[in-house]
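The following exchange examines how certain terms are applied to a structure. Each answer sets a value against the criterion behind the term.

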Amino acid sequence: MKAMTPFGFAMADRRCLDEKGVKLFSRRLEERHYRLAERYKVHPFMAARYEELLGPVGARELLELQPGDILRAIRVNTLRTNVDALREMLEEKGFALRGYWIPYTLIVEEEPIPIGATHEYMQGLYYVQGAGSQVPVYITDPKPLQRAVDLCAAPGGKTSQIAQHQRDTTPIIAVDISPRRLQALKNNMNRLGVRSVIALKLDARLAPSVLGESRFDYVLLDAPCTGEGLLPLEKGRRSERRPEDLVDRLCLQIELLEAAARLAACNATIVYTTCSIAPEENEYVVSRVLERHPELEPVEPLVKPPVYRPGVTGFNGVEFDERVSRCIRLYPHETRTEGFTVCVLRKRCAGIGGEGMSS
Amino acid sequence: MRVEEEVCRYRRGGYELLASFLSRYVGDSQRVLRGLEVVMVEHEAGAELLLVPSRVYRLLGGLCSLVYTAGLHAASLRRGRLLPTLSLGQLVEHAIVECYVVLPERLVAKLTYGRSIIVEPRGLRHRLRDACNPVAVLAENGRFVAWARVERQADKLLIKPLVDVGWYLRSGV
Ligand SMILES: C[S@@+](CC[C@H](N)C(=O)[O-])C[C@H]1O[C@@H](n2cnc3c(N)ncnc32)[C@H](O)[C@@H]1O
């Protein structure tokens, strides 16, 4: 028998969904959800989700956002320059910039030419990266000498940010499945002068069997997602967002996070992040993996953004592991950044000695 | 890392070639390469020289067949000729003391569209000899802009970029 959602998409072939998962996608829609959907040109199921997540006012605020409301940001490449020097160079060319709570981030207020087309950009002095996208690495501050793996790495925004934190002293294994995106990663590492990256063309789900178990003390998983956090930037395509996309993504996300857990060494930090504000792709995924991995413990990040919301512990009547409240949510209408969710997990050692790191 | 015994395309090689190329531009080429291994990756059309820190090099052997790239792509070898890359220029920009020309912003702008330019050498900072080929083109902020061929034309210089940092935008990747 096939379990059907009110929208008629079949769940039976989505074997990764457990009972709670099926319930997450079975939603009763009210008249007001259809009205919200109609007004903002989104799928009624999505409208109902936004309303539950953000409340009626928050949902409208999110859906009202225009691309211009989102901060334009760059990350200064501190491997090649410093914030003051770059700021001076760009301001001399007519850019209006201001600082941000992340010390190496600059917000672009006015750009006489596109910020991605200056000589300083070509010279590798900065990377154009949304302010939200800079949060996961910044708040977990990978240290020099921590052996790092970035599981969905291309085009290398966060890989090069990790290298910046580690002052490019420590090997970073950057894994991605797409050769086209790996080429972009290669160009970016060359432009930014990052030396310590080994890029692998690999399905990250296979990474533990290739790289070995319990090997890394910093594991970043910036998982492929529906990109729901980018909603304000994509006016035209909103209506194409479907609940099925969420199911598709979360099945892969669970498998990828399982791989991340296996790669992590004793006491390692695992950073699970998506550019999505969907609880289905974040807290649900993390809760599912926590069920099978008692050695993982969600923890608070080292630094917290000045504006954020805690992880949600339930959605559509489904309860998640309550420790996911330690996740960090960035809502575009509150932070003026792309929406992001970040969950930080620590892998505890099994007994004295645990699983050590060896090279 | 699980180290498997396999024939690896990523092997040490090309150090002498690279050091000798760099010695035209920097005082002490061994110094700019300190701490880095030169790795040669052969492929059908020639080979690539990569620069990787020693710690990274030690991991390459075990990952070999999966490696898409590693470290900085410093140069390509085609029919015995060494073609320097942008990242090599960026790596040594602060150490360049010979075979360079410094261009003002408006000329850098032309060059980064991949266009040749003709300039009056008077008033430009440069150190050029006949043996300089290619020449490192720098911007006034001291940053690397291009490897270029420079030809004298009467009392002017024709600067033809071989590879310039505008490529990062033009490549579209
Ligand atoms: C959100 S993007 C990563 C962005 C990147 N972390 C950055 O900051 O520049 C997700 C990436 O996951 C990759 N991907 C998707 N499925 C994958 C898999 N099974 N294994 C490895 N990479 C995968 C995609 O090719 C894509 O590059």
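A salt bridge is counted where a side-chain nitrogen of Lys or Arg lies within 4 Å of a carboxyl oxygen of Asp or Glu. The model discussed here is predicted.

Q: What makes the pair A:Asp321 and A:Arg323 a salt bridge?
A: The closest N and O atoms of A:Asp321 and A:Arg323 are 2.7 Å apart. The cut-off is 4 Å, so the pair qualifies. Both residues also belong to a network of salt bridges that includes A:Glu297, A:Arg326 and A:Arg348.

Q: Why is A:Arg323 called partly exposed?
A: The relative accessibility of A:Arg323 is 23%. Partly exposed residues lie between the limits of 20% for buried and 50% for exposed; A:Arg323 therefore counts as partly exposed.

Q: How do you know that A:Arg288 and A:Asp18 form a salt bridge, and which parts of the chain does the pair link?
A: Their side chains meet at 3.7 Å, N to O, and the criterion is within 4 Å; the pair therefore counts as a salt bridge. A:Arg288 lies in helix α11 (residues 283–292) of chain A, and A:Asp18 in the segment before α1 (19–24), so that distant parts of the chain, 270 residues apart, are linked.

Q: Why are A:Arg288 and A:Asp18 classed as they are, buried or partly exposed?
A: Buried means under 20% relative accessible area. A:Arg288 has 16% and is therefore buried. A:Asp18 has 22% and so counts as partly exposed.

Q: What supports the salt bridge between A:Asp203 and A:Arg205, and how is each of A:Asp203 and A:Arg205 classed?
A: The two side chains meet at 2.8 Å, N to O, and the limit is 4 Å; the salt bridge is therefore counted. A:Asp203, at 19%, falls under the 20% limit and is therefore buried. A:Arg205, at 32%, lies between 20% and 50% and is therefore partly exposed.

Q: Which residues form a positive surface patch with B:Arg149, and why can B:Arg149 be admitted to a patch?
A: The patch is formed by B:Arg78, B:Arg79, B:Arg81 and B:Arg149. Arg counts as positive. A patch residue needs over 30% relative accessible area and no salt bridge; B:Arg149, at 31%, therefore meets the area requirement. B:Arg149 lies in strand β11 (residues 144–153) of chain B.

Q: How many positive and negative side chains does chain B have?
A: Chain B has 25 positive and 18 negative side chains, and the centres of the two sets lie 4 Å apart.

Note on methods:
Residues are numbered from 1 along each chain as its sequence is written. Chains are lettered from A and ligands numbered from 1 in the order in which they are written. This is a predicted model: local features need pLDDT of at least 70, side-chain atom pairs count only at pLDDT 80 or more; totals for chains, interfaces and linings use all residues. Side-chain values use heavy atoms; hydrogens and water are left out. Patches are made of residues with over 30% relative accessible area and no salt bridge: like charges are joined within 9 Å, nonpolar side chains (Val, Leu, Ile, Met, Phe, Trp, Tyr) within 5 Å. Accessible areas come from the Shrake-Rupley method with a 1.4 Å probe; for residues, only the protein chains shown count as cover. The place of a charge is taken as NZ of Lys, CZ of Arg, CG of Asp or CD of Glu. Helices (H or I, at least four residues) and strands (E, at least two) are DSSP runs, numbered from the N terminus. Buried means under 20% relative accessible area, exposed over 50%, partly exposed in between (1.4 Å probe, protein chains only).
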